[in-house]
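Biologist: I should like to go through the terms applied to this structure and the grounds for each. Please show the model.

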Amino acid sequence: MDWDSFFTVHQDLPREGPGAPEDVAWVCELAGVAADAMVCDAGSGPGGDVAALLQAVPQGRVVAVDKYFGDAADARFADEPRARGISADFSDLEALPEAPFDLIWCAGALYFLGLDEGPKVMAKALKPGGVLAFSEPCFFVDNPSPEAVAFWEDYPTQSEPAIRSAVEAAGFEILGTRRVSDAGWEAYFQPMEARIAVLRPEADAKLTAMLDLCADEAAAWRAIKDQTGYLLVVARKSA
Ligand SMILES: C[S@@+](CC[C@H](N)C(=O)[O-])C[C@H]1O[C@@H](n2cnc3c(N)ncnc32)[C@H](O)[C@@H]1O
């Protein structure tokens, strides 16, 4: 991966993966998250979901943790005393002074740990009865096309029943699931495509290759979105 070109495209985007404020509101209502809850946005990117999380917990706090974009999230919410961002690894959330959490929100990032490990790692930083909400690559059809399989490259993407089983095996009760909407995907892709259009006229060969890769990702998703996408999973840790 040409990381310099990657960050040239991705720096300052409003979000780094699909999602929408409606997803946050749905999760918090379903889970009965308290108004004064302590929340972690794990793999927050630049904090695209932090405003919706703050709205869902009007007396609570939100810590946005991201390996590469935590500082950007912190700067974005510099005037908000109920939120902070840190650049850190989310496999050690229990070490944060705000832990344990009532809610860990993890949009499009748990898959970096994998379905076997991810829920167990997050459980360590949750209060008993705390809630993990995450969006996970999922096949929505029994026989996805080669294009749909290729979309996730080497990630062992699964069906909803298999995802549920893995989460339950980690000691969670599933409260509900739903697909991340097309609007959520477009909220990620459209600002990225606007950035690509600005960068392309002056791009050198390396950057052009990255612009093509990013543009291809959006086009590929639009072609296979009925077969695969993100499943939003809401699960309560055993008390
Ligand atoms: C697909 S993006 C989603 C970002 C954000 N949740 C959103 O929806 O805009 C995945 C994010 O996970 C972060 N990430 C990956 N592995 C991580 C780790 N081990 N610890 C913290 N952040 C990580 C990446 O930096 C990236 O911002």
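Modeller: The sulfur of C138 lies 16 Å from the closest cysteine sulfur, that of C106, which is too far for a bond. A disulfide is a pair of cysteine sulfur atoms within 2.5 Å, and by this rule the count comes to zero disulfides. The model is predicted: local features need pLDDT of at least 70, side-chain atom pairs count only at pLDDT 80 or more, and totals for chains, interfaces and linings use all residues. Residues are numbered from 1 along each chain as its sequence is written, and side-chain values use heavy atoms, with hydrogens and water left out.

Biologist: Why is C138 called buried?

Modeller: Buried means under 20% relative accessible area, exposed over 50%, and partly exposed in between (1.4 Å probe, protein chains only). C138 has a value of 0% and is therefore buried. C214, at 5%, is also buried.

Biologist: What makes the approach of G43 to the ligand a polar contact?

Modeller: A polar contact is a pair of N or O atoms within 3.5 Å; within protein, one must be able to donate a hydrogen and the other to accept it, and residues adjacent in sequence count only if both atoms are side-chain atoms. A backbone N or O atom of G43 lies 2.7 Å from a nitrogen atom of the ligand, so the pair meets the distance limit of a polar contact. For F90, a backbone N or O atom is 2.9 Å from a ligand nitrogen, and for A107 the corresponding distance is 2.9 Å.
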